[in-house]
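User: I would like a close look at one residue and at the packing around it. Please use formal language suitable for a first-year student.

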Amino acid sequence: PRIAPDFSFKLGFPVFNFYAPFSYWLTGLINLTGFGIVSSLKLSFLFALLVGFFGGYLFLSNFFDFYPAFLGGVLYITSLYFPLDIFVRGNLAEVWFLALMPLAFHLVYKNSQKSHRKTFFLSTLVLSFVLTSHNIYSLIFMPIILVFVLLQKNKKVNLISLFFSLFLSAYFWLPAIAEMNFTWAKEVA
């Protein structure tokens, strides 16, 4: 649904146009497998930590040996921001953004070293997940990943991947930008 019909005193509000959907879709898929809502949320947080560790380890393994990369992955997911987001703020979208970010950097780096169709497809998909995982961080992430892409050897394939990921995530950001004037979201935030 694009409009939450019960919000705003039963008048409806297009809240789903303005909150990044990736983490909620993933948690919803976990819920559809038979887990309860609370268990699905906990599993989503756990899965995000595993993805964050795995992505951090893979990215660091491009530059370091096994033990420093492993330690870097552990330190990444045990940094204070993850438990703050999980236990204090309960911000699933931020946790998933932070989990997917090092994996995106790893795939862009791998794609620039030796591009295969599988790596290209995976990097495009993960970049689109990152772009739909958190509103503000995705905006901050765009110039950072663009600079990272421009610093790599094979710029062309990664720019194409980034371009396709923008198209894959356009279902979220295009309506959010186009319909922002129809809400009070800017004034409330």
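What is the relative accessibility of S23, and does this residue count as buried or exposed? Please then continue to the core and the helix packing.

Analyst: This is a predicted model, in which local features need pLDDT of at least 70 and side-chain atom pairs count only at pLDDT 80 or more, while totals for chains, interfaces and linings use all residues. Residues are numbered from 1 along each chain as its sequence is written, and side-chain values use heavy atoms, with hydrogens and water left out.

S23 counts as buried because its relative accessibility is 0% (buried means under 20% relative accessible area, exposed over 50%, partly exposed in between, with a 1.4 Å probe and protein chains only). The residue lies in helix α2 (helices are DSSP runs of H or I with at least four residues, strands are runs of E with at least two, and both are numbered from the N terminus). Apart from neighbours within four places in sequence, S23 is in contact with S44, L92, A93 and W96 (contact means heavy atoms within 4.5 Å).

W96 leads to the core. The largest nonpolar core holds 35 residues, and W96, L127, V130, F141, I145 and F148 are those with the most contacts inside it (such a core is a set of buried Ala, Val, Leu, Ile, Met, Phe, Trp, Tyr and Cys residues joined through side-chain atoms within 4.5 Å). Two or more residues come from each of α2 (22-32), α3 (37-61), α4 (66-77), α5 (81-89), α6 (92-113), α7 (117-131) and α8 (135-150). The greatest share comes from α6, with 13 residues.

F141 shows how these parts meet. Leaving aside neighbours within four places in sequence, F141 is in contact with F97, M101, A104, F105, L127, V130 and L131.

F141 also takes part in the packing of α7 on α8. These two helices pack at an angle of about 140°, with their axes 9 Å apart (axes are lines fitted to C-alpha atoms, for helices over the stretch in contact, and angles run from 0 to 180 degrees between N-to-C directions). That makes α7 oblique to α8 (angles under 35 degrees count as roughly parallel, over 145 as roughly antiparallel, 65 to 115 as roughly perpendicular and the rest as oblique). L127, V130 and L131 of α7 meet S138, F141, M142 and I145 of α8. Of the residues in this contact, six are nonpolar, one is polar and none is charged (Ala, Val, Leu, Ile, Met, Phe, Trp, Tyr, Cys and Pro count as nonpolar, Asp, Glu, Lys and Arg as charged, and the others, Gly among them, as polar).

Helix α8 packs against α9 (residues 155-168) as well, at an angle of about 155° and with the axes 9 Å apart. That makes α8 roughly antiparallel to α9. M142, I145, L146, V149 and L150 of α8 make the contact with K155, N158, L159, L162 and L166 of α9. Within this contact, eight residues are nonpolar, one is polar and one is charged. L146, at 35% relative accessibility, counts as partly exposed. Not counting residues up to four places away in sequence, L146 touches L159 and L162.

Finally, α5 has buried residues F82, D85 and I86. Seen down the helix axis, they fall within an arc of 90°, so they line one face of α5 (the arc is that of the directions from the helix axis to the C-beta atoms). These buried residues pack against α3, α4 and α6, whereas F87 and V88 are exposed on the other side of α5.
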